[in-house]
Amino acid sequence: ASANIGVVGLAVMGSNLARNLASREGNTVAIFNRSHAKTEALLAEHPEAGFVPTASYAEFAASLQKPRTAIIMVKAGVPTDAVIQSLVDVFEPGDIIVDGGNAYFPDTIRREKAVRETGINFVGAGISGGEEGALLGPSIMPGGSDESWVTLGPILRSIAAIAEGEPCVTHVGHDGAGHFVKMVHNGIEYADMQLIAEAYDLIRRGTGKTPAEIADIFAEWNRGELESYLIEITAEVLRQIDAETGQPLVDIIVDQAGAKGTGAWTVQTALALGVPVSGIAEATFARSLSSHPEQRAVAAGLPGPEDEFEVEDTDAFIEDVRLALFASKIVAYSQGFDEIRAGAAEYDWQIDLGAISKIWRGGCIIRAQFLNRIADAYAAEPELPALLTAPYFADALSRGQAAWRRVVIAAAQAGIPAPAFSSSLSYYDGIRAERLPAALVQGQRDFFGAHTYKRIDKEGTFHTLWSGDRTEIEAEDTH
Ligand code: 6PG
């Protein structure tokens with residue numbers, strides 16, 4: 001046995017991760033792929049990596065030092081289950097199987113439980129950063145047992161991105177915790193992307209600036225508090241000219257956004273946990289709306305506002321949009337961290353929210369300066385009830401709120417959809433409201449279903465005899 005780590009599945013993410021592992025001091029990497037041609041191709045292309053090629057699961061297992069550690073990088077779903085079974089057949093108690101794909105966390109919980117019964121450790125690890133991240137340093141969110149972390153920790157630390165001198169990996173929590181946190185990362189990624197898209201759309205339609213000019217605005221924003229990978233790549237996408245037509249590429253790309261499901265999982269899970277992740281939900285639904293061309297074709301005939309949208313003070317409007325973007329972004333992250341906290345409580349995971357914000361500072365798609373402020377907030381107050389109430393964020397919201405309102409008003413008046421901007425503002429106004437019309441909803445529920453209500457002035461649960469004499473009685477709590 002000559003390798004200390006193995007990789008199964010040599011598509012782009014798998015081979016890049018294998019090369020990353022091989023490039024770090026002390027690692028020897030065994031590789032296996034279902035079709036052996038891929039293994040040989042990788043071996044031939046990267047002789048410097050010193051890979052140990054294997055042609056069967058038995059050979060793969062034999063080439064690994066104990067405890068054997070293998071990272072699976074195959075398609076989520078059935079292919080993952082098949083590979084896990086094949087590894088379980090050749091591994092021994094104490095060995096470690098890591099699923100580095102974008103698995104749905106309930107699958108990870110199920111797999112961890114099943115594999116644990118064989119004495120083998122199963123670790124679901126979220127890996128973010130795309131192809132380049134896998135090669136140069138991703139952000140890694142591993143779950144699984146403490147025992148597996150002893151072996152896995154140093155290996156993952158060696159390949160993770162570095163932010164402020166610290167590797168972007170932490171043991172998130174047991175069983176599915178890592179994939180849960182990666183799922184929420186992707187939900188936040190959806191919100192971030194949608195907010196940026198809305199900002200672009202408002203500026204373009206409000207000021208008539210070209211995509212290249214808007215690219216300059218994003219590049220400028222990337223030097224301030226919005227500094228992030230997604231803002232940076234937005235400028236690059238907007239600057240791109242289509243070789244065939246000479247038009248901005250963004251005008252040539254079909255305006256229907258795809259999705260592989262992680263955003264929807266984040267929203268579904270949040271619904272089940274009762275956590276309002278409205279920014280993430282609107283971002284996910286905005287992709288769905290865009291992807292129904294038949295409906296859009298018919299609805300295109302519906303009327304919009306009479307007046308042309310024209311912004312009077314261009315610079316002031318652009319600054320308003322920047323502030324609205326930052327404020328909405330704070331809401332999206334605050335909601336995402338709420339979901340992680342709720343998930344941790346539900347599934348009994350000890351998740352350190354500050355540590356999560358730190359491992360998202362580098363390597364992953366949502367990496368940003370901003371994550372440092374989140375880390376500061378949790379360092380100052382680990383039990384912070386809502387991220388947006390931390391002093392730095394509360395201050396940013398108070399600085400930005402007037403602009404945020406102006407932008408949402410402008411969007412509504414101009415007939416420009418800004419679902420993520422406006423739902424984030426509604427969330428902000430909802431969460432800070434002294435009193436909500438939820439009181440009326442409780443009254444309605446009590447009226448038609450005797451669902452009862454609480455009173456502000458005394459303990460107990462009450463019901464009004466709506467179809468009788470409308471006196472109030474004390475009742476059993478039925479929620
Ligand atoms: C990452 C990305 C990665 C993938 C997304 C794309 O963190 O590296 O999130 O996981 O690119 O899943 O998701 P959609 O296809 O749903 O946009």
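A salt bridge is a side-chain nitrogen of Lys or Arg within 4 Å of a carboxyl oxygen of Asp or Glu. In this predicted model, the count comes to 25 salt bridges.

Arg373 and Asp376 form one such pair, with their closest N and O atoms 3.1 Å apart. Both residues belong to helix H17 (residues 370-380). They are three residues apart, about one turn of the helix. Arg373 is partly exposed, at 28% relative accessibility. Asp376 is also partly exposed, with a relative accessible area of 42%.

Helix H8 (residues 177-207) holds Arg205 and Asp201, four residues apart and separated by about one helical turn. These two side chains form a salt bridge, the closest N and O atoms lying 3.5 Å apart. Arg205 has 43% relative accessibility and counts as partly exposed. Asp201, at 23%, is partly exposed as well.

The pair of Arg111 and Asp99 is buried at both ends. Its N to O distance is 3.8 Å. This salt bridge links distant parts of the chain: Arg111 sits in helix H5 (residues 105-116), and Asp99 in strand E5 (residues 96-99), 12 residues apart. Both residues belong to a network of salt bridges that also takes in Asp81, Asp107 and Arg110.

The largest nonpolar core has 90 residues. Phe218, Trp221, Ile351, Trp360 and Phe421 touch the most other members. Apart from this core lies another, of 28 residues, including Ala18, Leu42, Val98 and Trp149. Beyond residues up to four places away in sequence, Phe218 touches Ile196, Ala199, Tyr200, Ile231, Thr234, Ala235 and Leu238.

Notes: Residues are numbered from 1 along each chain as its sequence is written. This is a predicted model: local features need pLDDT of at least 70, side-chain atom pairs count only at pLDDT 80 or more; totals for chains, interfaces and linings use all residues. Side-chain values use heavy atoms; hydrogens and water are left out. A nonpolar core is a set of buried Ala, Val, Leu, Ile, Met, Phe, Trp, Tyr and Cys residues joined through side-chain atoms within 4.5 Å. Buried means under 20% relative accessible area, exposed over 50%, partly exposed in between (1.4 Å probe, protein chains only). Contact means heavy atoms within 4.5 Å. Helices (H or I, at least four residues) and strands (E, at least two) are DSSP runs, numbered from the N terminus.
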